[in-house]
Amino acid sequence: RLARISSGCCSAFGLRSADMTVQGCQPKEPTSIGIELGADDFAISWETNSQGGSPDADCFEIKLELFDPAGRCLAPWWSRTIDHSGRPRKMLELAYPEEAKQIQVLRAFTLKVAVTAKIGHSRGRSLHRQTTRDSQSITRQLSPEFFKSGRESLMAACRACSCARGAHMMEKMKVVIVGQQHMGKSSLANGIARWLHQDTGLDDQMAPAPAGHAAKTAETKCLEVPFGQFGFAFIDTPHFASVSDDNEQHFQALLSRGIPDGTRRADFSGSANLLKDPPQAAILVVDLMQWRDQRKEVERYLRKVADHFHSAAAGKVSFPYVVAATHRDAFLSECQGERPMRELEQAVSSLRECALTEHVYTITSYKKKAAWSLEVNDQISELLCALVTFAKNQDTALQVNRERLWCIGGLGAALAVVVALVAVSGK
């Protein structure tokens with residue numbers, strides 16, 4: 001009898017029985033999707049709204065698609081649809097498809113996930129989420145070919161700098177690392193050290209501060225890393241929250257004088273040593289996530305620091321520097337646009353404009369036992385090559401050498417006066 005009444009109501013309003021089922025039995029829809037990317041597989045989890053009078057879904061449709069992140073993410077190169085019965089899963093683990101595997105690496109991809117709740121013939125609205133990742137090595141033990149091109153380019157740049165500026169400079173090229181708190185300065189130094197050693201199993205050489213904690217670097221710390229017959233000395237510095245007032249004086253002292261290892265920021269000016277050469281180049285570190293969330297503040301800071309680089313040593317030296325934009329992996333992972341790589345390129349373009357340099361490199365700092373990435377390898381190689389080339393063409397000790405000559409001249413004149421006075425008194 002109820003079925004006849006329902007059928008009659010449907011006829012009266014011009015609706016089919018299936019439409020009534022959809023409207024009357026809308027399942028609880030998913031409210032969040034989690035995606036975890038591992039070395040060999042990935043995991044999907046989702047949750048539904050526990051409130052409300054809608055019935056629980058008896059099935060979830062999981063649609064998975066892989067795209068080329070450099071494109072518009074319209075035509076997937078791999079897709080799969082899974083029907084999962086029962087309650088929402090905390091974790092649905094799946095292996096990467098064979099199409100994602102290339103020689104030694106998993107190719108870069110954008111993974112799109114759509115979860116749809118179903119009950120009978122009724123479907124809820126689909127919830128979508130995506131994540132993007134660079135290529136990564138399948139194995140931790142890689143052949144030298146994986147690094148060959150980047151390391152050969154860096155070696156050539158080091159040889160050119162050694163010929164132009166002298167072998168002593170490239171025995172230990174001093175690179176100062178500057179930036180605000182929690183930008184990833186110490187992690188960047190550790191990651192570059194692992195790249196130079198070709199060893200992601202290398203222990204941290206500098207202690208990075210966990211996010212949300214107080215700044216870890218209280219004084220300058222030097223990390224020396226050999227590279228063939230050459231070498232680098234990366235100088236991690238206490239953070240400069242701003243470059244104004246007293247900080248301007250300390251920042252200029254950092255660029256124009258040799259600062260002893262273990263010096264606190266407040267002592268930079270008083271500890272500057274005229275007998276020691278200043279650093280040969282600098283890496284200005286900025287966090288891509290902080291740039292995304294606090295863009296105006298970050299860009300204002302970058303412009304101020306860039307002005308100091310261009311007028312170092314009382315305006316006598318244009319200090320060589322590049323920008324390392326850290327947390328590339330997090331930026332791509334959280335990007336929900338159709339063209340993730342295009343959004344990364346737009347971020348780089350904006351950073352170039354406010355940092356007053358074309359040399360901005362997006363970096364994922366290699367952590368201990370992390371997988372290697374072709375894209376990050378290229379960015380690290382290009383960053384180091386640019387630093388060495390700029391140091392070859394700009395002598396940051398130019399003003400210091402002039403002051404040394406003035407001091408020597410002054411001492412010579414004073415000595416001549418003393419000798420003359422002694423000679424006169426002897427008569």
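## Aromatic pairs

In this predicted model, Y366 is buried, with a relative accessible area of 4%. Its ring partner is W372, and the two meet edge-to-face, with centres 4.6 Å apart and 70° between the planes. W372 is buried as well, at a relative accessible area of 2%.

The structure holds nine aromatic pairs. Another one joins Y96 and F109: their ring centres lie 5.9 Å apart and their planes meet at 50°, so this pair is tilted. Y96 sits in the loop between β5 (92-95) and β6 (105-106), while F109 belongs to strand β7 (residues 109-119), so the pair ties together parts 13 residues apart in sequence. Both residues, Y96 and F109, are buried.

## A cluster and two charges over rings

If you enjoy following rings through a structure, look next at F251, F309, F319 and Y321, which form one aromatic cluster. Elsewhere, charges sit over rings. The charged end of K112 is placed over the ring of F67, 5.2 Å from its centre, and that of R151 over the ring of W195, at 5.8 Å from the centre.

## A nonpolar patch on the surface

Turning to the outside, L415, V418, V419 and V422 make a nonpolar surface patch of about 370 Å². L415 is found in helix α14 (residues 398-426) and counts as exposed because its relative accessibility is 55%.

## The protein as a whole

The protein has 14 helices and 16 strands, and 46% of its 427 residues count as buried. It exposes about 21300 Å², of which carbon and sulfur atoms supply 51%. Among contacts between residues at least 6 apart in sequence, 71% join residues at least 24 apart.

How values were computed: Residues numbered from 1 in each chain as written. Predicted model: local features only at pLDDT ≥ 70, side-chain atom pairs only at ≥ 80, totals over all residues. Heavy atoms only, no water. Patch = residues over 30% accessible without salt bridge, like charges linked within 9 Å, V, L, I, M, F, W, Y side chains within 5 Å. Areas by Shrake-Rupley, 256 points an atom, 1.4 Å probe, with all protein chains shown as cover. Salt bridge = Lys/Arg side-chain N within 4 Å of Asp/Glu carboxyl O. Helix = DSSP H or I, 4+ residues; strand = E, 2+ residues; numbered from the N terminus. Buried < 20%, exposed > 50% of the residue type's maximum accessible area, 1.4 Å probe, protein only. Contact = heavy atoms within 4.5 Å. Phe/Tyr/Trp six-rings, centres within 6.5 Å; stacked < 30°, edge-to-face > 60°. Lys NZ or Arg CZ within 6 Å of the ring centre and 35° of its normal.
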